[in-house]
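Here's a quick tour for anyone opening this structure for the first time. Have the sequence and the 3D view ready and follow along.

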Amino acid sequence: MDWSAYLPMILQGAGVTMTITLASIVIGAVLAFFFGILRVEGGPVLSTIALCYTEVFRGTSLLVQLFWFYYALPLVGLSFEPITTGILVLAAHAGGYGAEIVRGALSSVSTQQLEAARALNFNRFQTLFRISLPQAIVEMMPAFGNLAIETLKLSSLVSLISIADLTFTAQSIRNLTLDSASIYSVTLLCYFAMSLVLMVAIRIIEHVVRRGDVFPRSAHS
Amino acid sequence: MNETNDPHIIEFSDVTKRFGILTVLDNFNFSVAKGEKVTLIGPSGSGKSTVLRILMTLEPFQEGKLTLAGTSYHEPGGKGPFQASETHLRQIRNHVGMVFQSFNLFPHMTVLRNVVEAPVRVLGMARAEAEARAIKLLQMVGLADKRDHYPVQLSGGQQQRVAIARAMAMRPRVLLFDEPTSALDPQLVGEVLSVIRDLAHEHDLTMLLVTHEMRFAREVSDRVCFFDKGRICEQGAPDEIFGQPKNERTREFLASVLG
């Protein structure tokens with residue numbers, strides 16, 4: 001088959017996939033920190049609200065969430081562009097898993113650190129943002145890395161609400177050319193290349209939050 | 001604060017502290033004069049660390065009254081000693097500093113930032129001033145050249161000396177040491193004790209020290225208190241307690257630790 005005709009389409013689809021993924025990761029990270037912090041610090045009411053959010057989005061099918069926001073929500077008068085729906089649902093999904101990661105990492109900060117903060121008279125807010133979170137973020141990074149790549153792969157589901165992402169484009173080309181083997185191989189390679197880019201980006205962020213290998217590895221130098 | 005007619009900076013009266021069904025301090029009475037250096041000794045579980053932790057507001061207590069520099073741990077108009085608001089407790093905490101057994105430096109901050117962070121954030125000190133003071137304190141503990149290192153790059157003894165500088169940076173009137181050398185390799189104990197010894201010469205600083213270093217306790221303290229089962233069994237000048245202990249339990253304890 002003649003690739004030169006289809007390459008621009010594939011690249012455009014890949015671009016849409018990357019846009020949706022990155023936007024979902026960024027919004028999802030904000031949601032993850034917001035709800036994860038509420039779980040730990042929010043008091044009985046707010047932490048229950050955060051718990052409901054995480055459990056609803058972790059406990060239901062992402063595909064059905066997409067359908068619900070795309071087909072059901074307009075029935076009550078709320079409708080968004082497909083791409084907006086895709087990003088919001090993917091972000092909420094990633095945020096649900098991310099909030100659990102944030103909660104777990106925050107709870108793993110040792111009591112001794114919190115007592116030291118208290119002895120120095122830091123208030124709750126300062127203890128959270130100056131002491132707990134900077135230490136917890138390092139713990140979160142590997143799990144966030146997995147979640148980012150998971151989000152990239154799950155983004156293919158948005159093709160089912162008529163968004164022309166990489167998967168949607170691949171389907172269209174296959175329907176035109178009937179060359180399943182080539183088109184799906186190329187599509188897999190594209191996803192793999194994008195996840196490599198994500199992995200490298202995450203490694204760089206991880207390196208930055210670890211302060212260039214000094215913290216927190218416990219080897220004496 | 002009304003301190004003029006009260007020579008005591010710390011006053012426990014009939015304080016009872018329970019962990020569940022376990023009574024750790026039972027109608028505990030104890031007072032410390034301003035500038036006094038007091039060492040608390042005794043078997044583990046006897047309540048000596050709990051006294052420090054209550055003073056640092058790390059633990060609530062159930063009954064009795066505790067005042068520090070004229071401020072009660074009970075909140076005026078509050079429901080009880082254990083329900084004082086965070087605002088009230090933070091006022092008390094401003095006068096107290098603590099050095100922990102396991103140092104508890106912040107691993108994500110350099111040595112200098114460990115010392116500077118609280119004065120800047122909590123006391124609102126200008127960063128330049130806080131850094132100048134921090135460097136003086138680090139010189140005092142002999143670690144000014146390590147200011148840009150991270151805690152994991154230091155030995156235990158060095159970490160504990162930084163922790164002492166960090167506590168002093170908050171200008172506490174009362175400094176609590178909770179077994180500051182117990183987690184250290186024997187050859188590192190001396191460097192930490194020598195820093196504490198220097199601080200003991202500061203006239204205005206009240207010090208409470210929980211330790212198993214008996215020779216050191218004898219050397220630096222004005223008063224030694226022997227704890228057993230949530231009470232002070234015997235207290236007095238170091239030479240009395242170590243020289244001719246009157247209480248049977250004190251004698252047994254000292255015989256077991258001094259060998």
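What follows is a walk through the two chains and the empty spaces in this model.

## Before we start

Keep in mind that this is a predicted model. Everything below is computed from its atoms.

## Chain A: helices

Let's begin with chain A. It has eight helices and zero strands, so to speak a plain α-α-α-α-α-α-α-α pattern when you read along the sequence. Put a box around its C-alpha atoms along the principal axes and you get roughly 70 × 55 × 20 Å.

How much of chain A is buried? Of its 221 residues, 42% count as buried. As for contacts in chain A with a separation of 6 or more, 77% of them link residues 24 or more positions apart.

## The largest pocket

Chain A is also the place to look for the largest pocket, since three of its helices, namely helix 1 (3–41), helix 6 (124–154) and helix 8 (180–209), each give at least two residues to the lining. The pocket holds about 400 Å³ of space. Its lining counts 20 residues, and the closest to the centre are Ile25(A), Ala29(A), Phe144(A), Ala148(A) and Ile205(A).

Which helix gives the largest share of that lining? Helix 6 of chain A does, with eight residues. By class, the lining has 17 nonpolar residues, three polar ones and no charged ones.

## Chain B: an open sheet and an enclosed helix

Now over to chain B. Here you'll find an open sheet of four strands, ordered 2-1-4-5, with antiparallel pairing. Strand 2 (22–33) and strand 5 (71–72) of chain B sit at the edges with a single partner strand each, so each has one side without a neighbour in the sheet. Strand 5 of chain B is joined to strand 4 (residues 63–68) of chain B by two bridges, and these two run antiparallel. Across that pairing, Thr67(B) stands opposite Ser72(B).

Helix 1 of chain B covers residues 48–55, and seven of those eight are buried, so the helix is largely enclosed by the rest of the structure. The buried ones are Lys48(B), Thr50(B), Val51(B), Leu52(B), Arg53(B), Ile54(B) and Leu55(B). After the helix comes Thr57(B), with a positive phi near 65°.

## Chain B: parallel strands

Further along chain B, the pairing turns parallel. Strand 6 and strand 7 of chain B pair in the parallel sense over four bridges, while strand 7 and strand 8 (residues 206–210) of chain B do so over five bridges. Getting from strand 7 to strand 8 of chain B, the chain passes through helix 6 (residues 186–200) of chain B, in a right-handed β-α-β crossover. Leu176(B) has Leu208(B) as its bridge partner in strand 8 of chain B.

Why is strand 7 of chain B largely enclosed? Five of the five residues in this strand (residues 174–178) are buried, so the rest of the structure largely encloses it. Val174(B), Leu176(B) and Asp178(B) point one way from the strand, Leu175(B) and Phe177(B) point the other way, and all are buried.

## A closer look at Val99(B)

Val99(B) belongs to strand 6 (residues 96–99) of chain B. Is it buried or exposed? Its relative accessibility is 0%, so Val99(B) counts as buried. Its bridge partner in strand 7 of chain B is Phe177(B).

Leu176(B) is 77 residues away from Val99(B) along the chain, but their C-alpha atoms are separated by 6.1 Å. Beyond neighbours within four places in sequence, the contacts of Val99(B) include Gln160(B), Ala163(B), Ile164(B), Ala167(B) and Pro180(B).

## Two cavities

The structure holds two cavities of 30 Å³ or more. The largest cavity has a volume of about 70 Å³. Its lining takes at least two residues each from helix 5 (111–119) of chain A and from strand 6 and helix 5 (156–168) of chain B. Among the lining residues are Ala116(A), Gly97(B) and Arg166(B). By class there are nine nonpolar, one polar and one charged.

The second largest cavity has about 30 Å³ of space. Its lining includes Asn121(A), Arg93(B), Asn94(B) and Pro172(B), and divides into five nonpolar, two polar and one charged.

Terms used
Residues are numbered from 1 along each chain as its sequence is written. Chains are lettered from A and ligands numbered from 1 in the order in which they are written. This is a predicted model: local features need pLDDT of at least 70, side-chain atom pairs count only at pLDDT 80 or more; totals for chains, interfaces and linings use all residues. Side-chain values use heavy atoms; hydrogens and water are left out. Buried means under 20% relative accessible area, exposed over 50%, partly exposed in between (1.4 Å probe, protein chains only). Contact means heavy atoms within 4.5 Å. Two strands pair if DSSP finds at least two bridges between them. A crossover is right-handed if, with the strands pointing away from the viewer, the path from the first strand over the helix to the second runs clockwise. On a 1 Å grid over the protein atoms alone, a cavity is a set of points where a 1.4 Å probe fits but cannot get out, and a pocket is an open set with protein on both sides within 12 Å along at least five of seven lines; lining residues have an atom within 4 Å of a point. Grid points are joined across faces, edges and corners, and a volume is the space filled by probe spheres set on the points. Ala, Val, Leu, Ile, Met, Phe, Trp, Tyr, Cys and Pro count as nonpolar, Asp, Glu, Lys and Arg as charged, and the others, Gly among them, as polar.
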